[in-house]
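User: I would like to go through the labels given to this structure and ask what each one rests on. Please set the values against the cut-offs.

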Amino acid sequence: MSNIYDVANELSRGIRDLPEYKAVLASKEAIDADADAKALFGDYLVFQQEIHGVIQSGQMPTEDQQKKMQEFAEKLQGNPIVNEFFTKQQQLSVYLGDIERIIFDPVQDLFK
């Protein structure tokens, strides 16, 4: 059998060769090339980390944070460049979800 790390590296290269991966990469480059899209995306990532920290600490987002989440959703959907990125990312996530299920199938077998 091949070295498991070689297989993992081959999988990494295979993911990078997917048209869906390349589409996400091109969408990210489009964000980086547009000042408004880049600022919106950066603000969103900072806010996403904030919310992640709140949830990790066992708390629920406050009403203000929930309102801000809704406002971000509207802004993200309203920006065609950023919206395209999330659409392309979602298409790639189908592959990633399938790969995750396949990889973790042996681990799941341990708990049956």
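Analyst: Lys112 has a relative accessible area of 78% and counts as exposed. The model is a predicted one.

User: Why is Lys112 called exposed?

Analyst: The label exposed needs over 50% relative accessible area. Lys112 is at 78%, so the label applies.

User: What makes Lys112 and Asp109 a salt bridge?

Analyst: The closest N and O atoms of Asp109 and Lys112 are 3.2 Å apart. A salt bridge asks for a Lys or Arg side-chain nitrogen within 4 Å of a carboxyl oxygen of Asp or Glu, so the pair qualifies. Asp109 itself counts as partly exposed, at 39% relative accessibility.

User: How many salt bridges does the structure hold?

Analyst: It holds five salt bridges. One of them joins Arg13 and Glu10, with 3.0 Å from N to O. Another joins Lys88 and Glu84, where the closest N and O atoms are 3.6 Å apart. Both distances fall within 4 Å, so both pairs carry the name.

User: Why are Arg13 and Glu10 separated by about one helical turn?

Analyst: Because they lie three residues apart in helix H1. Lys88 and Glu84 are four residues apart in helix H5, so they too are separated by about one helical turn.

User: What makes Arg13 and Glu10 partly exposed?

Analyst: Arg13 has 45% relative accessibility and Glu10 has 49%. Partly exposed lies between under 20%, which is buried, and over 50%, which is exposed, so both residues take the middle label. The other bridge gets that label as well: Lys88 is partly exposed at 21%, and Glu84 is partly exposed at 35%.

User: Which residues does Ser27 touch, and is Ser27 buried or exposed?

Analyst: Leaving out residues up to four places away in sequence, Ser27 touches Glu84, Phe85 and Lys88. Ser27 is in helix H2 (residues 19–33). Its relative accessibility is 7%, and buried means under 20%, so Ser27 counts as buried.

User: What makes Phe47 and Phe72 a stacked pair?

Analyst: The structure holds six aromatic pairs. In the pair of Phe47 and Phe72, the centres are 5.2 Å apart and the planes are at 25°. Ring centres within 6.5 Å make a pair and planes under 30 degrees apart make it stacked, so both conditions are met. This pair links distant parts of the chain, with Phe47 in helix H3, Phe72 in helix H4, and their positions 25 residues apart. Phe47 is buried at 4% relative accessible area, and Phe72 counts as buried at 8%.

User: Why is the pair of Phe85 and Phe86 called edge-to-face?

Analyst: Their ring centres lie 5.4 Å apart and their planes stand at 75°. An angle over 60 degrees counts as edge-to-face, so the pair gets that name. Phe85 counts as buried at 6% relative accessibility, whereas Phe86 counts as partly exposed at 22%. Both residues belong to one aromatic cluster with Phe41, Tyr44, Phe47 and Phe72.

User: How do you know that Asn79 is buried?

Analyst: Asn79 has 15% relative accessibility, which is under 20%, so it counts as buried. Asn79 sits in the loop between helix H4 (63–78) and H5. Beyond its neighbours within four places in sequence, Asn79 is in contact with Asp36, Ala37 and Leu40.

User: Which residues form the nonpolar patch on the surface, and what makes Leu11 eligible?

Analyst: The patch is formed by Leu11, Ile103, Phe104, Val107, Leu110 and Phe111, with about 620 Å² of accessible area together. Patch residues need over 30% relative accessible area, and Leu11 has 33%, so Leu11 passes that cut-off. Leu11 is found in helix H1 (residues 4–17). Helix H5 (residues 80–109) gives the largest share of the patch, three residues.

User: Why is the protein chain called more spread out than a compact globule?

Analyst: The chain has five helices and zero strands. Its radius of gyration is 18 Å, well over the 13 Å that the globule rule gives for 112 residues, so the chain is more spread out than a compact globule. The C-alpha trace spans about 50 × 35 × 20 Å along its principal axes. Of the 112 residues, 20% count as buried.

Definitions and conventions:
Residues numbered from 1 in each chain as written. Predicted model: local features only at pLDDT ≥ 70, side-chain atom pairs only at ≥ 80, totals over all residues. Heavy atoms only, no water. Patch = residues over 30% accessible without salt bridge, like charges linked within 9 Å, V, L, I, M, F, W, Y side chains within 5 Å. Areas by Shrake-Rupley, 256 points an atom, 1.4 Å probe, with all protein chains shown as cover. Helix = DSSP H or I, 4+ residues; strand = E, 2+ residues; numbered from the N terminus. Buried < 20%, exposed > 50% of the residue type's maximum accessible area, 1.4 Å probe, protein only. Contact = heavy atoms within 4.5 Å. Rg over C-alpha atoms; globule rule 2.2 N^0.38 Å.
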